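Notebook open, coffee at hand. I want to look up the ligand site first, and then a few residues elsewhere in the chain.

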Amino acid sequence: MSGGQKRRFRFVALVVSLALLALSGCGSQRAVDHEQWGSEEKIVITFSHVVAENTPKGLAARRFANLVREKSKGRMLVEVFPNGQLAGDGEEIQALQDGRVHLIAPSTGKLAALFPAWQVFDLPYAFPDQEAVVTTMEGPIGQKLFRTLQRGGLRGLVMWDNGWKQMTSSRRPLITPEDFVGQRFRVQPSRVLVEQFKALGATAVAIPFDQTFRALETRQVDGQENTPSNIYWKKFHEVQWYMTVSNHGYLGYVVLTNNLYWENLPKDVQLILTEALAETTAWVRENAGRLNERDLDHIRMGRIEVHFQTEQERKAWKAAFSPVYDYFAREVDAERIQAIRELERKQEP
Ligand code: SIN
């Protein structure tokens, strides 16, 4: 390509990107014929997330971007902004609704304020294994949850796994429910998670992910819950003394876009994105567990004391969490709780 052609190509790419961004934020008019997109147009899609690049979500976003580039032969570019560089934790959804970003992948807990039913994924010990999570995501519960997103002008594309959350504290080992009494824990902004710690006699404080390290370091809170990958890559374990591998809660993501933005994308662009998302979802399902195991091994090399919960301890925590289910049935979604209780029962030995 000559210098002149390159400049023209970059100019067209910029114009198409700006047109789509503007369109997603402020109008319903179609800027170009979007059935097919012209051979000289380049589409730039921004993907913002809040975690480190080496976590399941960080790696999935990168993989997705590579797949889109390959499938579109370089005509579609997904620019990934990790660590909240483009939109911080707590701002992502608004940024998507305003058309300032095109794709985000918040955890289900971050959807709680706008779409409370998504808190079903925050219920402690609700899912015996990843298969139960996938069944829930892909079954009637998941389908209904995806439909709720339309109310916010959003479109849920797929769900990605991170994995199972573990507890950490700087005050004392977390073995029995009584060990939680009087401690303060950082949580995501989900009422179910607040209730979870309340049920253990602890206090929960909603703090954005990007401020959690500082909150732990300065003892604003005593502890937190997260997956090994999030703990390790944000160095939470360096400012905590005790960790219990409890696998008590699930952390997963919904890949979201702005519905208007999506509907104005050319059909062939939508197809490439859909295929790349499906392949990435399969990859993350296959690999998230392995990545978390790797990061748990890294954590165990540090000074933090790691306890693996016994079956008896799990039963005691589970019994203590019973009021969380009552809260969910009463305040959030009485209908869904039955199906979740079924999953729960399946895990009883
Ligand atoms: C994330 O994995 O996106 C962050 C989860 C959290 O806020 O704990």
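**Ligand site**

I started with the ligand's polar neighbours, keeping in mind that this is a predicted model. A polar side-chain atom of asparagine 230 lies 2.9 Å from a ligand oxygen. Asparagine 226 also puts a polar side-chain atom 2.9 Å from an oxygen of the ligand. For tyrosine 253, I read 2.5 Å between a polar side-chain atom and a ligand oxygen. Next I looked up how much of the ligand is covered: taken alone it exposes 260 Å², and the protein buries 99% of that.

Where does the ligand sit? I found it in the largest cavity. Then I listed what surrounds the ligand: Val50, Val51, Lys57, Lys110, Arg186, Gln188, Phe209, Asn226, Asn230, Leu251 and Tyr253.

**Aspartate 89**

I went to aspartate 89 next, and found it in the loop between strand 2 (76–81) and helix 3 (92–97). Is aspartate 89 buried or exposed? Its relative accessible area is 9%, so I logged it as buried, the cut-off being under 20%. Leaving out residues up to four places away in sequence, aspartate 89 touches Val50, Lys110, Arg186, Pro208, Phe209 and Asp210. I recognised some of those names from the ligand's surroundings, which include Val50, Lys110, Arg186 and Phe209. I also checked phenylalanine 209 for a polar contact: its backbone nitrogen lies 2.6 Å from a polar atom of the aspartate 89 side chain.

**Proline 228**

I moved on to proline 228, which is in helix 8 (residues 228–233). With a relative accessibility of 4%, proline 228 counts as buried. What does proline 228 touch, not counting residues up to four places away in sequence? My list reads Trp164, Gln166, Asn292, Asp295, Leu296 and Ile299. I took one C-alpha distance here as well: proline 228 and aspartate 297 are 69 residues apart along the chain, with 8.9 Å between their C-alpha atoms.

**Glutamine 240**

After helix 8 I followed the chain to glutamine 240, in the loop between helix 8 and strand 8 (242–258). I got 0% for the relative accessible area of glutamine 240, so it goes down as buried. Threonine 168 is 72 residues from glutamine 240 in sequence, yet the two C-alpha atoms are 6.5 Å apart in space. The side chain of glutamine 240 has a polar atom 3.2 Å from the backbone nitrogen of serine 169. Beyond four places in sequence, I noted that glutamine 240 touches Thr168, Ser169, Ser170, Leu216, Asp222, Gly223, Gln224, Arg303 and Ile304.

**Threonine 280**

My last single residue was threonine 280, in helix 10 (residues 267–300). I logged threonine 280 as buried because its relative accessibility is 0%. Its contacts, again without residues up to four places away in sequence, are Ala60, Arg63, Phe64, Leu67 and Trp160.

**Whole chain**

I finished with totals. I have 13 helices and nine strands for the protein chain. Of its 349 residues, 55% count as buried. How much of the contact list with a separation of 6 or more comes from residues 24 or more positions apart? I got 76% for the protein chain. Its accessible surface comes to about 15200 Å², with 51% belonging to carbon and sulfur atoms.

Key. Residues are numbered from 1 along each chain as its sequence is written. This is a predicted model: local features need pLDDT of at least 70, side-chain atom pairs count only at pLDDT 80 or more; totals for chains, interfaces and linings use all residues. Side-chain values use heavy atoms; hydrogens and water are left out. Helices (H or I, at least four residues) and strands (E, at least two) are DSSP runs, numbered from the N terminus. Buried means under 20% relative accessible area, exposed over 50%, partly exposed in between (1.4 Å probe, protein chains only). A polar contact is a pair of N or O atoms within 3.5 Å; within protein, one must be able to donate a hydrogen and the other to accept it, and residues adjacent in sequence count only if both atoms are side-chain atoms. Contact means heavy atoms within 4.5 Å. A residue is near a molecule or strand if one of its heavy atoms lies within 4 Å of it. Accessible areas come from the Shrake-Rupley method with a 1.4 Å probe; for residues, only the protein chains shown count as cover. On a 1 Å grid over the protein atoms alone, a cavity is a set of points where a 1.4 Å probe fits but cannot get out, and a pocket is an open set with protein on both sides within 12 Å along at least five of seven lines; lining residues have an atom within 4 Å of a point. A molecule sits in a cavity or pocket if more than half of its atoms lie within 2 Å of its grid points.
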